[in-house]
Amino acid sequence: MRTSTVGWLTPRVPHSQQFISFLKIPRYSCGPTVYDRAHLGHACSYVRFDIIRRIMTRFFGIEVIMVMGITDIDDKIIKRANEMNISPVALARIYEEDFKQDMAALKVLPPTVYMRVTENIPQIISFIKTIIASGQAYATSQGNVYFDVKSWGKRYGVLTTIYPDTQDEAVDTDKRHGKDFALWKAAKPQELSWTSPWGRGRPGWHIECSTISSAVFGKQLDIHTGGIDLAFPHHENEIAQCEVYHQCEQWGNYFLHSGHLHVKGSQEKMSKSLKNFITIKDFLKKFSSDQFRMFCLRSRYSSVEFSDESMDDAKHLLQAISLFIRDANAYIKGQLVCDPVREDILWERLANTKVTVKAAFADDFDTSRAVAAIMDLIHHGNRQLKAVTKDAGSPRSSVVYGSIISYIEGFFNALGMSFGERQVALGGDNSAVLSNVLDELVRFRAKVRHYALALPEEADAVPVEGATAAEGAKQEQKEKRQQLMQERRPLLEACDSLRGDLAAFGIHIKDRAAVSTWEIEEGGQVEQQTKKKS
């Protein structure tokens, strides 16, 4: 694997020891501070890291053992709990469960284990005591404990090349130096607190993750993930704490930082503090999880701009993929008649796509290049799926199209998306049911239409002797056909009317020679007209 600080994958090991060659990877993820609903910025980070986890597992055969820390005690939690007149613990449990529901809705795989800060207080206290004993931390008369940054010398600051705009914190009255950071905070009146050798209090922010990751993985961590805003000071401070505690030269081999999610036209990141966020629940009322995942796949995991236009692009890509799979399936079933297919070209394209995808994933998880390779394969597959009116009787190339469909569906399934039962086009929990209903409706319409068009041919008339009798029989047959056409015209009109009505909702029926098929186009005529009026 190539590593790149541009994509914000920061290696701390030589290339000869890179983790892509390992079979099991310990990974720690900074989880949420559970005081409010998660927003789209959180979703972007967790979905992107879920994609990376799936790539490592499904494409490189690496087992990822993942721990996520849940910050369930914090200044923001205490403040919000006081505003809502409930306990901080109750508030944290409410929003922890809300976060997990959001992740499930986004199809983010759960970690191997969740670890709450409040369930690891004794371990945190022990961790702090070891750092104090090593001479890199000090307790104050006010009951606070701080990490002594200057005592760590040049070993402090290994990640500042990623996030260089580091500034000193405001100096508290009992700090020795401005950059010193809290390991233990003395309790304020009526705050949730725990007994410690330094008095009642609660953990500082950075010590939580150091303790939890060390409790599970010891002194060796391969991957640490989080947003780019956590590089400094959070991850910087984690490294210092852990390398003191474990007395090791290096803790944490790789730090993967996802970029901020910016709203189009704004330089500000999406965040709760700036009040410019969209909650995940509100977002999923408008877009599907597959559409958002495609949005994430279309760029690297560094900073990305969000807009309705970018989401529309993702929807159109999913629609193009879904339509190709549908047409290819129709071709395999004999429902779509085409000219002879150049199998050699398609087999070569498929093989090249597999190589390109693997190389893109090995290059700092370049999902945008991998998706582009898939779309190029679809483009070449579509070029040979041109429908013709007359079947020349040439054999179908079902195997190559079956292999292409299998690879494309496997690719997206591995990344947490599904094209089965038209999940992408329909979205929502009832998509499979709606798909089956549409299948039955279109099948019934096709039978009605076929019956209405199945008029007796003139050649089917019974032979009779004599020119006059033959002419009379022919005229009678013609009149019978005209009468049947007149009688069955309402059936054809009803079929056409149904097709038109469904098209208004973005459901398009295609009448082929043998059967009728359907497809969904995002935003039907009704929706588009509504947008124009508004």
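In this predicted model, Asp-363 has a relative accessibility of 11% and therefore counts as buried, since the cut-off for that class is under 20% relative accessible area. The partner of Asp-363 is Arg-369: their side chains meet in a salt bridge, with 3.4 Å from N to O. Arg-369, at 33% relative accessibility, counts as partly exposed. The pair thus joins a buried acidic residue to a partly exposed basic one.

This contact belongs to a broader set, for the count of salt bridges comes to 30. Two further examples lie within helices. In helix α1, which covers residues 40–59, Arg-54 forms a salt bridge with Asp-50, and the closest N and O atoms are 2.7 Å apart. The two residues are 4 positions apart in this helix, so about one helical turn separates them. Both Arg-54 and Asp-50 are buried.

Helix α2, residues 75–84, offers a second case. Here Lys-79 forms a salt bridge with Glu-83, again with 2.7 Å between the closest N and O atoms. Lys-79 and Glu-83 are also 4 residues apart, and about one helical turn therefore lies between them. Their surroundings may be read from the accessibility values. Lys-79 has a relative accessible area of 53% and is exposed, and Glu-83, at 52%, likewise counts as exposed, because the cut-off for this class is over 50%.

Salt bridges also extend beyond single pairs. Arg-445, Arg-449, Asp-496, Arg-499 and Asp-511 are linked by them in a network.

Attention may now turn to helix α3, which runs through residues 88–105. With 18 residues at 1.5 Å a residue, α3 should span 26 Å, and the distance of 26 Å between its end C-alpha atoms agrees with this expectation. The buried residues of the helix are Pro-88, Leu-91, Ala-92, Tyr-95, Glu-96, Asp-98, Phe-99, Asp-102 and Met-103. Viewed down the axis of α3, these buried residues fall within an arc of 165°, and so they line one face of the helix.

What do the buried residues of α3 pack against? Their contacts include the helices α1, α2 and α7 (280–283), together with the strands β2 (24–33), β3 (63–71) and β4 (113–116). Two of these partners, α1 and α2, have already been met: α1 holds the Arg-54 and Asp-50 pair, and α2 holds Lys-79 and Glu-83. After α3 comes Lys-107, whose phi is positive, near 65°.

Technical notes. Residues are numbered from 1 along each chain as its sequence is written. This is a predicted model: local features need pLDDT of at least 70, side-chain atom pairs count only at pLDDT 80 or more; totals for chains, interfaces and linings use all residues. Side-chain values use heavy atoms; hydrogens and water are left out. A salt bridge is a side-chain nitrogen of Lys or Arg within 4 Å of a carboxyl oxygen of Asp or Glu. Buried means under 20% relative accessible area, exposed over 50%, partly exposed in between (1.4 Å probe, protein chains only). The expected span of a helix is 1.5 Å times one less than its number of residues. The arc is that of the directions from the helix axis to the C-beta atoms. Contact means heavy atoms within 4.5 Å.
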